[in-house]
Amino acid sequence: MTILVTGAAGFIGSNFVLDWLGQSTEEVVSLDLLTYAGNLENLSSLNQNPHHHFVKGNIGDRDLVLTLLKKHDIRAVIHFAAESHVDRSIHGPGDFIETNIVGTYNVLESVRSYWNDLDEPSKKSFRFLHVSTDEVYGSLNDKASAFTENHPYEPNSPYSASKAASDHLVRAWFHTYGLPVLTTNCSNNYGPYHFPEKLIPLCILNALNDKPLPIYGDGKQIRDWLYVKDHCSAIREVLKQGHIGETYNVGGWNEKTNLEVVETLCAILDELKPKSDGKSYADQITFVKDRPGHDRRYAIDASKLERDLGWRPEETFETGLRKTVIWYLEHETWVNHVVSGEYQHWVEKQYS
Ligand code: NAD
Ligand code: DAU
């Protein structure tokens, strides 16, 4: 049997596939359109691995997805593929509607068609795991309790609205058609292969290149941070033991302001790669104009996942961030390839 991973060349998808094949010989079909965010280099260590098959293609191509499901006798789909960057969704929401909503609808339809024709035991064991975000719950004030799975959906950005819509589609395909779905809603990930348009990798690279570390607004917005490998282990656990039709919050119990995140990162860099002039990287912190509609605080209550499935994150924010900084320092070639071309246009558009 085999699993199908959509968005497998992106940040979390590639970490998931690498971890999966590091622990299992079960085959993986990786499907990715290789948009600006997809990078085959993330999966290059699997080039000789006979258990890995990469297919370049669109989740919206129903025939392709159905063919892959049948050809590889797929027993589970892990659906990561999406447009994922909030700032890009503000500049241009169209791709987010197309990929996250229409794309997910098309995947669901391909999967439903495949699943309907399976024999009863295969039908029963099949899973569609939809990877979603804490942003669908909206923003919290400082004193509010963390999001549980029962928190109302109140998405505020085009990105989170598109993810919320996709969550609703997945839910409806379970209730209406009986498709055996699982949904995870996770907080901010960080770690290896993170595309440097997001806060942590952007600041690591800007720090090393003597550029400003841009903090939106007052920098007191709060996010919960989870090391990407811990997100991957949570997904494996939900896939293995999750109850169909259920949603599971995934989080790191690591609420930090953006300013704290960047200051911690600068302190790690000061230690691992001190600047030649003896100054701190924190001197490069620069406050810039705020993100429109910027959510103030996200906090995730992951106790259902811990209680019901026994999952715990392995990394604290400090250990995970240190590993991340070391990874970027050791992967200069990856960085150099990623920051060429389209990336430069994005940085100009967003920060000039
Ligand atoms: P990413 O932007 O790094 O990767 C997305 C991948 O999807 C890319 O490889 C891209 O090429 C691919 N893709 C885009 N459109 C496609 C299409 N039409 N067909 C096939 N492939 C397509 O995103 P990420 O950070 O790895 O996030 C993965 C998933 O996890 C997303 O669904 C995101 O909403 C969710 N998520 C992300 C975070 C986070 O902190 N990054 C947290 C919670 C949930
Ligand atoms: O919460 C989960 C979400 O986390 C995922 O669903 C998204 O796919 C993922 O991109 C991430 O969204 P954020 O908007 O939280 O991540 P980002 O790294 O873009 O921003 C983190 C915080 O840092 C946010 O409050 C905005 C701020 N920020 C970001 C950038 C890029 C800055 O202050 N300066 C910046 O230059």
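**Exercise 1. Work out which residues surround ligand 2, how the protein holds its oxygen atoms, and how much of the ligand ends up buried.**

Step 1: get the shell. Counting a residue as near when one of its heavy atoms lies within 4 Å of the molecule, you should find 24 residues around ligand 2. Asp134, Tyr159, Arg291, His294 and Tyr351 are the closest.

Before going on, a word on the setup: this is a predicted model, where local features need pLDDT of at least 70 and side-chain atom pairs count only at pLDDT 80 or more, while totals for chains, interfaces and linings use all residues. Residues are numbered from 1 along each chain as its sequence is written, chains are lettered from A and ligands numbered from 1 in the order in which they are written, and side-chain values use heavy atoms, with hydrogens and water left out.

Step 2: sort the shell by class. Take Ala, Val, Leu, Ile, Met, Phe, Trp, Tyr, Cys and Pro as nonpolar, Asp, Glu, Lys and Arg as charged, and the others, Gly among them, as polar. That gives ten nonpolar, seven polar and seven charged residues around ligand 2.

Step 3: see where the shell comes from. Helices here are DSSP runs (H or I, at least four residues), strands are E runs of at least two, and both are numbered from the N terminus. At least two shell residues come from each of α3 (86-91), α7 (199-208) and β8 (213-216). The top contributor is β8, with three.

Step 4: list polar contacts, meaning pairs of N or O atoms within 3.5 Å (within protein, one must be able to donate a hydrogen and the other to accept it, and residues adjacent in sequence count only if both atoms are side-chain atoms).
- Tyr351 puts a side-chain N or O atom 2.5 Å from an oxygen atom of ligand 2.
- For Asn188, a polar side-chain atom sits 2.7 Å from a ligand 2 oxygen.
- For Arg223, the side-chain distance to a ligand 2 oxygen is 3.1 Å.

Step 5: check the burial. With Shrake-Rupley areas and a 1.4 Å probe (for residues, only the protein chains shown count as cover), ligand 2 alone exposes 690 Å², and the protein buries 95% of that.

**Exercise 2. Run the same drill on ligand 1: what is its shell made of, and what touches it?**

Step 1: the shell holds 28 residues, with Ile12, Asp32, Ser84, Tyr159 and Lys163 coming nearest.

Step 2: the class split is 13 nonpolar, 13 polar and two charged residues.

Step 3: α1 (11-23), β5 (127-133), α6 (158-177) and β7 (188-190) each supply at least two residues. Here β5 gives the most, with three.

Step 4: look at the contacts. A backbone N or O atom of Gly10 is 3.0 Å from an oxygen atom of ligand 1. The backbone of Leu33 offers a polar atom 3.1 Å from a ligand nitrogen. Tyr159 uses its side chain, with a polar atom 2.6 Å from a ligand oxygen. On its own ligand 1 has 830 Å² of accessible area, and the protein covers 96% of that.

**Exercise 3. Test the lengths of α1 and α4 against an ideal rise, then find where α4 kinks.**

Step 1: the expected span is 1.5 Å times one less than the number of residues. For the 13 residues of α1 that comes to 18 Å; the end C-alpha atoms are 19 Å apart, so the two agree.

Step 2: α4 (residues 94-116) has 23 residues, so expect 33 Å; the ends lie 32 Å apart, which agrees too.

Step 3: take the bend at a residue as the angle between axes fitted to the seven residues ending there and the seven starting there. In α4 a kink of about 30° is centred on Gly103.

Step 4: back to α1. Buried means under 20% relative accessible area, exposed over 50%, partly exposed in between (1.4 Å probe, protein chains only). Eleven of the 13 residues of α1 are buried, so this helix is largely enclosed by the rest of the structure. Among them are Phe11, Ile12 and Trp20.

**Exercise 4. Are Asp73 and Tyr193 buried or exposed, and what is odd about their backbones?**

Step 1: most residues other than glycine have a negative phi.

Step 2: Asp73 has a phi near 55°. Asp73 lies in the loop between α2 (62-71) and β4 (74-79), and is partly exposed at 41% relative accessible area.

Step 3: Tyr193 has a phi near 65°, also a positive value. Its loop runs between β7 and α7, and at 16% Tyr193 is buried.
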